[in-house]
Amino acid sequence: MSLATTLQTAGGAIWEKSCNIANFHSKHIYHRNAIFPAIVFSRKKMQSLSQSRAGNSSIVRSSLIEPDGGSLVDLIVPHSERAMKVSEADSLPRVKLSRIDLEWVHVLSEGWASPLRGFMREEEYLQSLHFNCLRMNDGTLTNMSLPIVLAIYDTVKDQIGSSESVALIGPKDDLVGILSSIEIYKHNKEERIARTWGTTAPGLPYVEEVIAPAGNWLIGGNLQVLNPIKYNDGLDHYRLSPKQLRNEFDRRQADAVFAFQLRNPVHNGHALLMNDTRKRLLEMGFKNPILLLHPLGGFTKADDVPLDVRMEQHSKVLEDGVLDPETTIVAIFPSPMHYAGPTEVQWHAKARINAGANFYIVGRDPAGMGHPTEKRDLYDPDHGKKVLSMAPGLEKLNILPFKVAAYDNAEKKMAFFDPSRVKDFLFISGTKMRAYARSGENPPDGFMCPGGWQVLVEYYKSLQA
């Protein structure tokens, strides 16, 4: 069935977003004004997205948006079977996991990548790498823009031999799980890098950290994880699984859930966007929209603010009343970061479908970064939101491109950019924000809540000590 969502530009032109894959090239799918996108949705259509299986109930349960594949994957071994699996693993060849491999085990085990049930075999890998999606048995497509794979070295491949299963050993030498019905195939690193990032330029963080030093083989199979993944870093209570998030949305009786991913501290421009989105959803007729503030918690590049500092800063944002704790859920998304722009943002959106969100906020250059060898952005900053509006397998997710926010010198606060007053606005990049914090210089009043800013200042002071 084709879903249609109308998008209205600031100039008033209305275009239809056709999500029927067969119509991708037959009509305009996305149209926006470069500065002021305004989104108009049909309340009736939105309710039909959110109320599947709710019957005639007057309560719209947004968490009932179907996970990809129809049900959430759960790869945690039941407690009653764990002793048997430990015994089974004792006789199996061993594959050692890196810290980032373990993050992917976490992602897979909780169903963020549903319907995927383990590290990809070659057929799944090729579909993901070349088509950004997987074809299901019934012929439908599910988005899967990033390959989720496990690399091994030649020596490990030789040790595995003809075994059909392997034991997965964590970075601390603990038994994490079992990979069964395995398939081992060639790891063509150059092809993987070129297809995922659109470049093979040196300096891509995930490539240098993960792919370049990895083995020349990939191993895929069905994953069974012995215990829920824990990091014991004081942040595990923020790591809510898709199932836990869906239960929390229902407990709060949410009738819309809008997800906002970030890997940076929250400033008042972010808060303006999130609060404005909630206001717009209320104006559309929703009664209780809930914000999922969902910082990325896996691998990030060295100059990003560490997760524990970001989580402390986020908590100050709620304490200071910049965001409403009653209508906001702060949780950690466990995925590693690729910085692969329009390719990766599809993965970020797909995972939030599985978590129960039916709206996804996307802004400028999502999942992007500066070019590693040239002084420019690696990706066109508008392509991420355009790709999301067209991506196969994301039809049931409502994409909300947000307006550009900047510091308004006239009003002394973060505000939506007004092109008629260009000289009044100051754009403070993440790089500039970090420079302020390192030097101890305060940003303009109203850029960030005082408590949140102090967290950053103390963090950068600690680096200099």
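**Overall make-up**

I looked up the secondary structure and found 14 helices and 18 strands in the protein. I note here that the model is predicted.

I then checked burial: of the 465 residues in the protein, 56% are buried. For the surface, I have about 20,300 Å² exposed, with carbon and sulfur atoms supplying 49% of that area. I also looked at contacts with a separation of 6 or more; 73% of these come from residues 24 or more positions apart.

**The sheet of β16, β17 and β18**

In which order do the strands of this open sheet lie? I read the order as β17-β16-β18, with antiparallel pairing. The edge strands are β17 (413-416) and β18 (425-426), each of them pairing on one side only.

I followed the β16 side of the pairing next. Strand β16 covers residues 405-408 and is joined to β17 by 4 bridges, the two running antiparallel. For one residue I wrote down the partner: Asp408 bridges to Lys413 in β17. Helix α9 (residues 268-283) packs on this sheet and touches β16 and β17. I have its direction at about 45 degrees to that of β17.

**Aromatic pairs**

I counted 11 aromatic pairs in the protein. One of them is Phe417 with Phe427, whose ring centres are 5.5 Å apart. Why do I call this pair tilted? The planes stand at 55 degrees, and tilted covers what is neither under 30 degrees (stacked) nor over 60 (edge-to-face).

I placed both residues along the chain. Phe417 is in the loop between β17 and β18, and Phe427 is in the loop between β18 and α13 (430-439). The two are 10 residues apart.

Is Phe417 buried or exposed? Its relative accessible area is 9%, and the cut-off for buried is under 20%, so I entered Phe417 as buried. Phe427 comes out at 48% relative accessibility. Exposed needs over 50%, so Phe427 goes down as partly exposed.

I also noted a cluster: Trp104, Trp112, Phe333 and Trp347 are linked by ring pairs.

**Charges over rings**

I looked for lysines placed over aromatic rings and recorded two cases. Lys186 has its charged end over the ring of Trp217, at 4.7 Å from the ring centre. Lys403 has its charged end over the ring of Phe416, at 4.9 Å from the centre. Phe416 falls within β17 (413-416), one of the edge strands noted above.

Terms used. Residues numbered from 1 in each chain as written. Predicted model: local features only at pLDDT ≥ 70, side-chain atom pairs only at ≥ 80, totals over all residues. Heavy atoms only, no water. Buried < 20%, exposed > 50% of the residue type's maximum accessible area, 1.4 Å probe, protein only. Contact = heavy atoms within 4.5 Å. Areas by Shrake-Rupley, 256 points an atom, 1.4 Å probe, with all protein chains shown as cover. Pairing = 2+ DSSP bridges. Axes fitted to C-alpha atoms, helices over the stretch in contact; angles between N-to-C directions. Phe/Tyr/Trp six-rings, centres within 6.5 Å; stacked < 30°, edge-to-face > 60°. Lys NZ or Arg CZ within 6 Å of the ring centre and 35° of its normal.
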